[in-house]
Amino acid sequence: MSHDDTASRLLNAAGPIFAEKGYQKATVREICAAAGVNLASVNYYFRDKERLYIETVKRAAQLRAEQAPMPEWPAGTPTAIKLRSFIYTILTRMLGTTQAPWQVRLMQREVVQPTSACRELVEEYFRPHFELLQRIVGEAVPPDTPPHTRRQIAFSVIGQCLHYRLAGDVIGLLVPADELASRYTTDQLADHIAAFSLAALGLAPPLGGAPGK
């Protein structure tokens, strides 16, 4: 068994276990048993359980990004199109792929209950996308808009996407089943969040008709 194969087996086994139990409750013994490798393999390939966890979280983010890569826009692409496709990509990563649901659960756990993996996850995966979103926002606001305002606008966009991930079960209880099936697809949510955000930025008409109606 090669070095890469053993390390991959450990990462693949660790992902679902960490996602279900969290860092503290998951054990090296059960991860090694699930991977079919020697108990000493974690120390040999990853130094310790903490490093295995960090690499597992980063792998989850990498796999999710590969399943739904961020688009590359040609010069001159309208801001509205960039924002909508950015939102669609983020929603697809959160909601729209059916492969390996442990990936999203693990990253969600890390966001809600951060560990030592959070800083590396932010720097390598979240920050580049957040900076891209800020650049898109920057195209829609006056040049003298303060940096903190641009960041808060970007957080508002991300927050709308995250809501449908974190509150999915509650949404399912609040919304009629036929409406849930027909109006809450990834495409339709991307359309809604983009329209709402573009209206707030003054790039689209207000939702629901003219003001006052």
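Which helix gives the most to the lining of the largest pocket? In this predicted model, the answer is α7, with 7 residues. To see how α7 fits in, it helps to start with the overall layout and then look at how the helices pack.

The fold is a run of helices and nothing else in the way of regular elements: the chain has 11 helices and 0 strands. Reading along the sequence therefore just gives α-α-α-α-α-α-α-α-α-α-α. Taken along the principal axes, the C-alpha atoms fill a box of roughly 65 × 45 × 30 Å.

Now for the packing, beginning with α7 itself. Helix α7 covers residues 117-140, helix α8 covers residues 147-166, and the two pack at an angle of about 110° with their axes 9 Å apart. Angles of 65 to 115 degrees count as roughly perpendicular, so that is how α7 and α8 lie to each other. Their crossing is right-handed. On the α7 side, the contact is made by Phe 130, Leu 133, Gln 134, Val 137 and Gly 138. The α8 side brings in Arg 150, Arg 151, Ile 153, Ala 154, Phe 155, Val 157 and Ile 158. Sorted by class, the residues of this contact come out as 8 nonpolar, 2 polar and 2 charged.

Helix α8 has another partner in α11, which spans residues 186-200. Here the angle is about 150°, and the axes are 10 Å apart. Anything over 145 degrees counts as roughly antiparallel, which is why α8 and α11 get that description. As α8 passes α11, the crossing is right-handed. Val 157, Gln 160, Cys 161 and Tyr 164 are the α8 residues that meet α11, and their counterparts in α11 are Leu 189, His 192, Ile 193, Phe 196 and Ser 197. This contact between α8 and α11 holds 6 nonpolar and 3 polar residues, with no charged ones. Val 157 turns up here and also in the contact of α8 with α7.

A third pairing involves α4 and α6, whose axes come within 9 Å and cross at roughly 125°. That angle makes α4 oblique to α6. The crossing of this pair is left-handed. From α4, the contact takes in Tyr 53, Thr 56, Val 57, Ala 60, Ala 61, Leu 63, Arg 64 and Gln 67. From α6 come Trp 102, Gln 103, Val 104, Leu 106, Met 107 and Glu 110. The class count for the contact of α4 with α6 is 9 nonpolar, 3 polar and 2 charged residues.

With the packing sketched out, back to the pockets. The largest pocket has a volume of about 760 Å³. It is lined by 22 residues, and those closest to its centre are Met 94, Val 111, Phe 126, Ile 158 and Leu 162. One of these, Ile 158, also belongs to the contact of α7 with α8. Several helices pitch in: α4 (49-67), α5 (79-96), α6 (102-112), α7 and α8 each supply at least two residues of the lining. By class, the lining of the largest pocket has 15 nonpolar, 2 polar and 5 charged residues.

The second largest pocket has a volume of about 160 Å³. Its lining is made up of Leu 95, Tyr 164, Arg 165, Gly 168, Ile 171, Gly 172, Leu 180, Tyr 184 and Leu 189. Two helices, α8 and α9 (168-174), each supply at least two of these residues, and α9 gives the most, with 3. Split by class, the lining of the second largest pocket has 6 nonpolar, 2 polar and 1 charged residues. Tyr 164 and Leu 189 are part of this lining, and these two residues also appear in the contact between α8 and α11.

Technical notes:
Residues numbered from 1 in each chain as written. Predicted model: local features only at pLDDT ≥ 70, side-chain atom pairs only at ≥ 80, totals over all residues. Heavy atoms only, no water. Axes fitted to C-alpha atoms, helices over the stretch in contact; angles between N-to-C directions. Helix = DSSP H or I, 4+ residues; strand = E, 2+ residues; numbered from the N terminus. Parallel < 35°, antiparallel > 145°, perpendicular 65-115°, else oblique. Left-handed = near helix turned anticlockwise from the far one by under 90°. Contact = heavy atoms within 4.5 Å. Nonpolar A, V, L, I, M, F, W, Y, C, P; charged D, E, K, R; others polar. 1 Å grid on protein atoms, 1.4 Å probe; cavity = no way out; pocket = protein on both sides within 12 Å on 5 of 7 lines; lining within 4 Å. Points joined across faces, edges and corners; volume = space filled by probe spheres on them.
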